[in-house]
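Student: I'd like a close look at one helix and what comes right after it. Can you also walk me over to the contact between the chains afterwards?

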Amino acid sequence: MKPYLRSRHREQIHFHLRLRVLSIIIACGFSLLFLQLVHLQIFAGTTFRSLSDRNRIRLLRLQAPRGLVFDRHNNILVDNRPSFTVSIIPGEASNPAATLQKLRRFLEFDEQEAQRKLEAARNAPFSQIAVAYDVSLEQAAAIEECSLELPGITITAEPCRRFPLLKGAAHVLGYLGEIAPREHERLADKGYVIGDYIGKAGLELVAEEWLHGESGGMQVQVYADGHPQIELDETGNPSVRIDSAGRELLTLGKKVPKAGNVVRLTIDADIQLAAEAAMGSYDGAIVVMGAETGAIRALVSRPSFDPNSFVSPGRNAERLEVLNDPRHPLLNRALQAYSPGSTFKIVTAYAALAEGIVSPDTKVYCSGSFTLGRKFRCWKDTGHGSLNVVQALAYSCDVFFYTMAMELGIERLEHYARLFGLGAATGIELPGEMKGLIPSPEWKQKTFKRPADQKWFLGETVIAGIGQGYTLATPLQLTCAIATIVNGGRLVTPYLIERVETPQSDKVLLERAPAQRHALNDSAALDLIQEGLKQAVVSRQPFFGTAWRAKNDTVSILGKTGTAQVAAFKERADTAKELEQIPYELRDHAWFASIIDGPDEPYAVVVFCEHSGHASESAVLVTLELATRIAEGAGTIASTETAQEGHST
Amino acid sequence: MKNGHRNLTKGFDSVTLACTLLLVCLGLVTVFSSSYTSGLDAVKPYFSRQLVWALLGLVAMLIAVLIDYRFVEAYAYQLYGVTLFLLVFLLFSGKEVHGSQRWIHLMGVQVQPSEFVKLSTLFVLARFLDDIGDRIHEVKFLVVALLLAGVPTGLILLQPDLGTALVLIVLLAGMLFAAGIKRSHFAFLAAAGIAGIPIFWQFLKGYQKARLLAFVNPDLDPLGISYQVIQSQIAVGSGGLIGKGWLAGTQSQLNFLPEQHTDFIFSVFAEQWGFLGACLLILLYLGLLFQAIKIADTARDFQGSMLAVGIIVIIVFQVLVNLLMTVGLCPVTGIPLPFMSYGGSNLLTMMTCIGILLGIRMRSFIF
């Protein structure tokens, strides 16, 4: 510690004077403050007081309209419409309860709920309390006209999301929901506020960043007895000019909202609607994909839901019904993994041909069963006799593919299944895609706990050859797999977003190019398989092909049926029961993976019908219906239906 | 030091103490009303927390009075080193609040080390300027002084905390001036400082740039910063001559005023107590500051004088920038109002400063 020292330096520098300078600076600063206080509080005091008394400056948030979504032919898939909300500002109503009573003359609303909200907002008398959501334009106009009788009632217009296809393509487009506290914490920096709607599923979720836009706001000076009216222009952009009494309002500041970007999808609304209609009352999924590019033209999942009910607080009951439905309508079945059944035989056939296990002429005799320790039965009890690979595919002979699987062994089977894209996510831009499962001895070892379960049995290889057992695949994966048969063995990456543009479409922000890799090199094998799939439809001798019902004169279809057992043989009771006698949840799933000739490209189509029994009846007929509709009505369906929808709202 | 405490009590400065305590009490009352009137008193325990901090502040003040400032100054460089280390540590592990890393969690309490940087920089500058005495005319010593203040300023700008960085820069300027820097040197540094503004600008985050731009042109951001300032001016102005009374401020009640318990606490106060209340507040700050100038003038040694000047600069800069901001004469920089704004670290630092001042005053009578 230093001893106290008399400082000569302090005197030399005239420390005293320097402190005086400091004092003067301080005095000046405070004088400035003092003068401003005199100005604000004494001279302008009354003005500011009246401003604050009636809270004249109102801060209005102008919500940016969300970006539009179009299909490949410029049909609107998602847009915005004005939605009117009736609210009450308790501080401006002399008697809020009486006002609500009068409001009943104009519209129905939940009075108890409104009272409860009023009670909760006791401490914030100038907050807007929503009473009724999404009232009709007529009701809004009627209330507006009688605004003098209804002090404190205000109507606000906000852009609201609209899905004109209603339940159509719901699983592709997704839905919105109010931002959750945790999401808000993460996104507050990007201008989201509590109460905002945000994409929760499907494209609305995936393209949130593109679609969301940027909210603006206004500071306006309002009159004590009127409410600023938010208006929407033709592009959905909100602004404020006048109040409820028609007086022009003084704008103190404005930040113009920026609309969200335009997203153009690969979806073809015609095909989408054709698929929706073709699906009839079945549950399940349809995927229609350009076989060359991977562009998804339609994607159906059933049961479906109406995304419109998620954006309108007035339709809460409907939304809850969807959420609590035991059939899980929100689940996108096109991305769920199921047992692929006989559609997997394409993989086994290719593997056997590519590995040289069979040549085009090799024949295998089917007696109706295959013996390896126990008997593995063919679906045709009486047997198919001698078959080559093309016939085996056409008649879906189990014994042929049991034999192939045995010769190949599980490792090679797994290798080829992966070449077809099975067992791995396809990479489509939708959330919640399942990877499926291609079993192998290592997988079994890793997955099961008990040593007895970890061992791989040869019998499991046998049934893996016909897609039974552990194997799981999604409808979307099978779509990519079947596409390889006609596109020269290329495994495409399915995609939905074709392009993203600025709201005025003057600048392209994202352009998606098809992605694919060359997976299957044996073009002779592919040709043979293609022939097998063709025979499945057209063959009548010696047997009917499994997809014989798909034969027609207008459009070429080739494909492979599949029936996936939900329950083991024994449970189903071997006595041939009629479909109706089997409990719904034990009925087989039906598959039909096909190639349909489209007007400008071949489509890879997979139809999956949940618990619908035999494929040849359900999935094949759905595919035929879809193909016919595409061939007949392309270019007309969507335009008429969306136009009708537009008129009714 | 053998001289007993009897001599110490002789120089006790009751005016400074009274002003400080009154300001802290007014701050508490205003924090209470700003959280009460927001209608959500149950979820905003600002008042009770601030009360605890004020009591802790009293303890810190007492400790600062009892410890001889020369003892602290003997360890100025070590203290300085520790705070620099803390700042570097903070850059890598701090918690982000409103986009900047300013907080360290210490035993369940959020601490803002940049507040303590003000103190350690003050100590180190006072020590250094006392050590060099009239060699301050030599450029090399001037450069060392610049570095001593510049390093923590840079680290704080990286957080980034514009307000605290400005406090440090002004602290350096004020102390150099009081320590007798040559006029030509001072002019050169001022010019260099102005020339350095574009570099300074690079350190700022987007929202800080927006605040400064909005001050120049309020139409740029009417919903963000300009909104705050407009609402603050309405609050202050609507207070009129005698104010609306305690707990009766409508601007704050309707939650029109953002950050009303922290940076904009003066708006709440002026709305409730009017012009007269605001004048009383100004008088309290002025009383405190002119008393502090007297302490600087009569300190027993140059080190004490330098310390007192530094404290004056820290307090006056924060008070003026904050108050001028709330009345719309200064851009929003996020500087709290000493003794009144909600926030424990700042209150603790400010009350410690007052303790040091009182200690310097008492020890100026020891012979």
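Student: Which residue just after H16(A) takes a positive phi, and of about how many degrees?

Tutor: That's Gly421(A), with a positive phi of about 90°. Keep in mind that this is a predicted model, where local features need pLDDT of at least 70, side-chain atom pairs count only at pLDDT 80 or more, and totals for chains, interfaces and linings use all residues. Residues are numbered from 1 along each chain as its sequence is written, chains are lettered from A and ligands numbered from 1 in the order written, and side-chain values use heavy atoms, without hydrogens or water.

Now back up into H16(A) (helices are DSSP runs of H or I, at least four residues, numbered from the N terminus). H16(A) covers residues 398–419, yet its end C-alpha atoms sit only 22 Å apart, short of the 32 Å a straight helix of 22 residues would reach (1.5 Å times one less than the residue count). Look at Gly409(A): H16(A) bends there by about 100° (the angle between axes fitted to the seven residues ending there and the seven starting there).

Over at the contact (heavy atoms within 4.5 Å), chain B brings 67 residues and chain A 48. About 5200 Å² is buried between them, 69% of it from carbon and sulfur atoms (accessible area, 1.4 Å probe, lost on putting the two together, summed over both). The rule finds 0 salt bridges across that interface (a Lys or Arg side-chain nitrogen within 4 Å of an Asp or Glu carboxyl oxygen). On chain B's side, H14(B) gives the largest share, 14 residues.

Definitions and conventions: Helix = DSSP H or I, 4+ residues; strand = E, 2+ residues; numbered from the N terminus.
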